[in-house]
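Reader: I should like to go through this model and ask, for several of its descriptions, on what grounds each is given. Please set each value against its criterion.

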Amino acid sequence: MEGPTGGAFDGSGAVELIAELRRGFDSGRTRSYEWRAEQLKGIARMIEEKEAEIMAALHDDLAKPRLESFLHEISMAKASCTFALKEMKQWMKPEKVPTSITTFPSSAEIVSEPLGIVLIISAWNYPFLLSIDPVIGAIAAGNAVALKPSEVSPTTSSFFAKILPTYVDNSCIKVVEGSIPETRVLLEQKWDKIFYTGSKNVGRIVMAAAAKHLTPVTLELGGKSPVVVDSNVNIKVAAKRIAVGKWGSNSGQACIAPDYILTTKAFAKTLVDALKITLDKFYGNDPLESGDLSRLVNVKHFSRLTNLLNDKKISGTIIYGGQRDEKLLKIAPTLLLDVPHDSLIMDEEIFGPLLPIITFDKIEQCFDFIQSKEKPLAAYLFTKDKKLEEKFVKTVSAGGILINDTGLHFANPHLPFGGVGESGMGAYHGKFSFDAFSHKKSVLSRGFAGEVPARYPPYTQQKQKILRGLINGSFIALLLALIGLPRD
Ligand code: NAD
């Protein structure tokens with residue numbers, strides 16, 4: 001694998017990389033609005049001019065349908081860039097905040113300053129968006145950046161290495177290609193922030209490496225995102241929205257794809273029938289041949305999913321799909337009904353086209369089930385019952401919640417996107433991206449008037465009384481404090 005300046009990327013390459021980024025950041029140029037805007041315009045231009053190449057790379061890595069590539073990666077990246085360009089001036093402004101009686105008279109503000117040099121490590125499933133989106137946030141916040149795209153999606157990774165530097169300031173924004181050894185070398189260095197997207201196991205490695213330098217991290221991880229389906233829903237719409245969030249999102253290889261469905265025993269047949277009709281319409285009789293279904297990223301993931309299907313505990317539960325073709329790296333959309341709770345498929349994040357459905361007597365039992373598991377990245381509820389919706393929002397802890405749809409909350413830049421518990425820490429998107437890469441510096445400013453003699457030694461009983469009164473908001477105490485004390 002190549003380093004940012006060509007040649008093998010080893011420890012000395014990493015030291016050089018850090019030094020160059022540090023020089024760039026210390027020069028102060030990444031802090032100016034003009035530099036930030038120029039880089040973001042460069043990225044917007046790259047997306048515009050290289051759309052066909054990006055689509056081709058995504059097709060090469062995942063056989064991603066063109067419409068999915070456009071909707072889920074290219075247009076989202078463009079929107080993120082445009083939003084940052086529009087809002088950045090406002091985000092950069094110091095935020096005036098109130099002062100308190102104890103600091104009177106004074107003024108106070110929060111100044112957002114860039115953290116410095118940041119490392120972004122991204123995942124393979126949305127290899128374009130998940131790389132460029134945090135880069136946009138890091139630049140908007142005025143940092144120097146190194147991006148390490150995933151080696152598992154090699155064509156998109158080399159697109160970034162070859163093309164991004166031709167659109168941005170290459171001394172402050174760098175792309176490093178590499179797999180685990182190269183990432184390890186990068187993680188040994190001292191960064192001012194690490195932003196990681198990927199699995200929770202690697203998240204732990206990233207966090208341990210960051211701890212050595214007390215480097216702050218954002219961890220965008222995964223988990224098993226549940227969908228609860230109530231019996232009062234518009235079932236045709238619900239089935240389409242569940243199906244598109246699962247199989248229409250990279251064949252289920254999406255961090256917020258529905259991982260499993262929970263519903264009542266009484267409603268299961270209606271739901272299953274609707275899902276079958278929808279899937280027949282979406283992907284036809286031979287889904288493995290459908291150009292509208294992404295393939296699995298590689299043989300390792302194909303085998304991982306096949307192992308889940310081969311688990312003896314789930315035998316007899318496949319009610320739709322199940323066909324697979326290793327050469328095509330495809331598994332058909334597959335529904336499984338009432339898999340045992342302790343089966344493999346209910347233990348790990350599925351991250352593929354298999355969708356188990358679990359049934360309970362009462363809908364509320366579904367909430368208890370979710371709460372008995374690790375906190376997911378997303379939780380979905382389909383219902384017309386407002387009370388149930390309220391209860392879901394109140395009781396279910398998840399990175400994000402979406403009612404009566406799947407995946408779409410990701411697309412609202414006014415909402416933070418991130419996990420909680422084992423699904424991650426920190427968040428990004430819109431202003432939250434800017435904040436993820438900024439330090440919020442408190443600035444309190446005072447003049448020389450407004451002396452409070454009571455705060456200075458010698459500490460007397462009377463001074464203590466006045467200060468207590470002042471802290472409790474007594475106006476008389478304030479007057480006494482400001483005009484000075486009678487002699488003790
Ligand atoms: P991954 O952890 O295998 O790889 C992600 C990155 O980590 C890659 O750049 C890779 O080079 C690096 N890496 C892998 N192993 C490493 C190691 N041992 N040491 C150091 N670096 C290492 O994750 P993945 O398979 O690419 O992604 C799948 C996971 O990511 C799923 O759990 C999914 O839910 C999650 N995900 C989360 C989000 C989100 O936004 N929250 C988005 C996409 C994927």
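Reader: What makes the pair formed by a polar side-chain atom of Lys148 and an oxygen atom of the ligand a polar contact?

Author: The model is a predicted one. In it, a polar side-chain atom of Lys148 lies 2.8 Å from an oxygen atom of the ligand. A polar contact requires a pair of N or O atoms within 3.5 Å, so the pair with Lys148 qualifies.

Reader: How do you know that Ser199 and Glu349 make polar contacts with the ligand as well?

Author: An N or O atom in the side chain of Ser199 is 3.0 Å from an oxygen atom of the ligand. For Glu349, the distance between a side-chain N or O atom and an oxygen atom of the ligand is 2.6 Å. Both values are within 3.5 Å, and therefore both pairs count as polar contacts. Taken alone, the ligand exposes 840 Å², of which the protein buries 92%.

Reader: Which residues come nearest to the ligand?

Author: The ligand has 26 residues around it, and Trp124, Glu151, Tyr196, Leu221 and Glu349 come nearest. By class, this shell holds 13 nonpolar, 8 polar and 5 charged residues.

Reader: What makes the site of the ligand a pocket rather than a cavity?

Author: The space taken by the ligand is the largest pocket. A pocket is an open set of grid points, whereas from a cavity the probe cannot get out; the site is called a pocket because its set is open.

Reader: Which elements and domains supply the shell around the ligand?

Author: Helix 7 (180-188), strand 6 (193-197) and helix 8 (200-212) each give at least two residues. Helix 7 gives the most, with 3 residues. Domain 1 (11-221 + 429-440) and domain 2 (226-418) each contribute at least three residues to the shell. The chain also has domain 3 (451-483), and the C-alpha centres of domain 1 and domain 3 lie 49 Å apart.

Reader: Why are the peptide bonds before Pro105 and Pro458, and the phi of Leu214, singled out?

Author: Most residues other than glycine have a negative phi, and most peptide bonds are trans. The bond joining Phe104 and Pro105 is cis, with omega about -10°; Pro105 is in the loop between strand 1 (95-97) and strand 2 (107-114). The bond from Pro457 to Pro458 is also cis, with omega near -5°. Leu214 is not a glycine, yet has a positive phi of about 50°, and is found in the loop between helix 8 and strand 7 (217-220).

Conventions. Residues are numbered from 1 along each chain as its sequence is written. This is a predicted model: local features need pLDDT of at least 70, side-chain atom pairs count only at pLDDT 80 or more; totals for chains, interfaces and linings use all residues. Side-chain values use heavy atoms; hydrogens and water are left out. A residue is near a molecule or strand if one of its heavy atoms lies within 4 Å of it. A polar contact is a pair of N or O atoms within 3.5 Å; within protein, one must be able to donate a hydrogen and the other to accept it, and residues adjacent in sequence count only if both atoms are side-chain atoms. Accessible areas come from the Shrake-Rupley method with a 1.4 Å probe; for residues, only the protein chains shown count as cover. On a 1 Å grid over the protein atoms alone, a cavity is a set of points where a 1.4 Å probe fits but cannot get out, and a pocket is an open set with protein on both sides within 12 Å along at least five of seven lines; lining residues have an atom within 4 Å of a point. A molecule sits in a cavity or pocket if more than half of its atoms lie within 2 Å of its grid points. Helices (H or I, at least four residues) and strands (E, at least two) are DSSP runs, numbered from the N terminus. Ala, Val, Leu, Ile, Met, Phe, Trp, Tyr, Cys and Pro count as nonpolar, Asp, Glu, Lys and Arg as charged, and the others, Gly among them, as polar. Domain bounds come from an automatic or database domain assignment.
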